[in-house]
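Let's take a walk through this one together, a stop at a time. Have the viewer ready and follow along as the topics come up.

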Amino acid sequence: MEIVCLAFNMQSAVVATGSMDHTAKLWDVEKGTEHMTLSGHTAEIVSVCFNTSGDLLATGSFDHDSRLWDVRSGQCVHVLSGHRGEVSSTVFNHAGSLVLSGSIDTTARLWDVRSGRCLSIKTGHTDEVLDVAFNTSGSSFVSASADGTARLYNTITGSCLATLLGHTGEISKVAFNPQATRLLTASSDRTCRLWDADSGECLQVLSGHTDEVFSCAFNYEGDSIITGSKDNTCRIWKAAEDLDS
């Protein structure tokens with residue numbers, strides 16, 4: 001069956017894959033062999049993410065649930081139930097204490113990893129939430145939507161710090177730079193936009209792709225950007241030196 005998503009465990013030679021067959025699998029990269037199968041979802045898995053310490057895996061599924069798995073035993077630790085539509089994205093904060101999920105139901109939810117309890121429901125989008133991300137410290141997070149906006153939140157207070165307006169098509173991917181000073185959004189309007197992560201101000205529009213942009217990322221230093229598009233190209237962008245001055 002089709003593999004939809006994957007993630008590396010940064011603490012070991014293990015990679016996780018999520019599939020249309022409703023399962024996630026853990027693989028030994030060095031041996032190229034299957035380590036274990038994680039079964040429990042009842043629809044395709046579209047998001048997988050390891051925590052920083054590498055002992056937990058989060059999976060998000062079209063069955064409306066996310067699940068937390070013990071990587072050593074393969075046991076499901078928590079089922080994160082509450083979304084009323086397919087889960088599109090799941091991610092841990094760096095500390096591994098929180099999980100953020102985005103859903104087709106137009107909301108994002110913040111979950112406590114230890115208890116599996118939903119701590120907060122973020123509304124405000126008028127269409128599907130397609131991606132979510134924490135900044136490096138976990139002090140803020142962002143949701144990206146098919147309504148063409150992204151919303152930036154304070155993790156502790158839960159308040160919306162800014163709504164990022166400017167795209168004329170859905171936003172399918174969002175990412176913070178490692179320094180947590182910039183946000184990057186990728187859109188079906190064929191552009192990416194670079195934003196100030198504190199004020200929500202648009203600093204730059206990255207134009208050049210001839211079809212929708214569905215992926216974007218910063219390098220480790222945060223001074224280069226790569227974007228991937230339906231036009232069958234990737235573009236590498238060098239951040240202007242004065243953006244952080």
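How many disulfides does the structure hold? Zero. Keep in mind from the start that this is a predicted model, so everything here is read off predicted coordinates. Take Cys-5 to begin with: its nearest cysteine sulfur belongs to Cys-49 and is 10 Å away, and Cys-5 is in no disulfide. Cys-5 counts as buried because its relative accessibility is 12%, and the cut-off for buried is under 20%. Cys-192 has a cysteine sulfur 4.8 Å away, that of Cys-216, which is the nearest one, yet Cys-192 is in no disulfide either. Why no bond at that distance? A disulfide needs the two sulfur atoms within 2.5 Å, and the sulfur of Cys-216 sits 4.8 Å from that of Cys-192. Cys-192 is buried too, with a relative accessible area of 1%.

Cys-49 is worth remembering, so let's go to the pocket. The largest pocket has a volume of about 1,500 Å³. Its lining takes in 39 residues, and those nearest the centre are Cys-49, Val-91, Val-132, Ala-133 and Lys-173. Which strands supply at least two residues each to that lining? They are β1 (3-9), β5 (45-50), β9 (87-92), β13 (129-134), β17 (171-176) and β21 (213-218). Sorted by class, the lining has 20 nonpolar residues, 15 polar ones and four charged ones.

Two of those strands make good starting points for looking at sheets. Begin with β21, which belongs to an open sheet of three strands ordered β21-β22-β23, with antiparallel pairing. The edges of this sheet are β21 and β23 (234-238), each pairing on one side only. On average, neighbouring strands here are turned by 20 degrees against each other, direction ignored.

Now trace how the three strands are held together. β21 and β22 run antiparallel and are joined by five bridges; across that pairing, Ala-217 stands opposite Ile-226 in β22. The two strands form a hairpin with five residues between them, and Gly-222 in the turn has a positive phi of about 80 degrees. Moving along, β22 (residues 224-229) is joined to β23 by five bridges, again in antiparallel fashion. Here Ile-225 stands opposite Trp-237 in β23. If you're tracking side chains as you go, recall that in a regular strand they alternate between the two faces of the sheet.

The other starting point is β9, which sits in an open sheet of four strands in the order β9-β10-β11-β12, with antiparallel pairing. The edge strands are β9 and β12 (118-122), each of which pairs on one side only. Neighbouring strands of this sheet are turned by 15 degrees against each other on average, direction ignored. Between β9 and β10 (residues 98-103), which run antiparallel, there are five bridges, and the bridge partner of Ser-89 in β10 is Gly-102.

Cys-192 brings us to another hairpin. Strand β19 (residues 192-196) and strand β20 (residues 202-206) run antiparallel and are joined by four bridges. One of the facing pairs is Arg-193 with its bridge partner Val-205 in β20. Five residues lie between the two strands of this hairpin, and Gly-200 in the turn has a positive phi of about 80 degrees. Leu-194 lies in β19 as well, and with a relative accessible area of 3% it is buried. For a sense of span, the C-alpha atoms of Leu-194 and Gly-116 are separated by 34 Å, with the two residues 78 apart along the chain.

Finally, some loops. Most residues other than glycine have a negative phi, which makes the next two worth a click. Ala-180, in the loop between β17 and β18 (182-187), has a positive phi near 65 degrees. Asn-232, found in the loop between β22 and β23, has a positive phi near 75 degrees. Is Asn-232 buried or exposed? Asn-232 is exposed, since its relative accessible area is 75%. Met-10, in the loop between β1 and β2 (14-19), is exposed too, at 70%. Its C-alpha atom is 8.2 Å from that of Phe-50, a residue 40 positions away along the chain.

Technical notes: Residues numbered from 1 in each chain as written. Heavy atoms only, no water. 1 Å grid on protein atoms, 1.4 Å probe; cavity = no way out; pocket = protein on both sides within 12 Å on 5 of 7 lines; lining within 4 Å. Points joined across faces, edges and corners; volume = space filled by probe spheres on them. Nonpolar A, V, L, I, M, F, W, Y, C, P; charged D, E, K, R; others polar. Pairing = 2+ DSSP bridges. Axes fitted to C-alpha atoms, helices over the stretch in contact; angles between N-to-C directions. Buried < 20%, exposed > 50% of the residue type's maximum accessible area, 1.4 Å probe, protein only.
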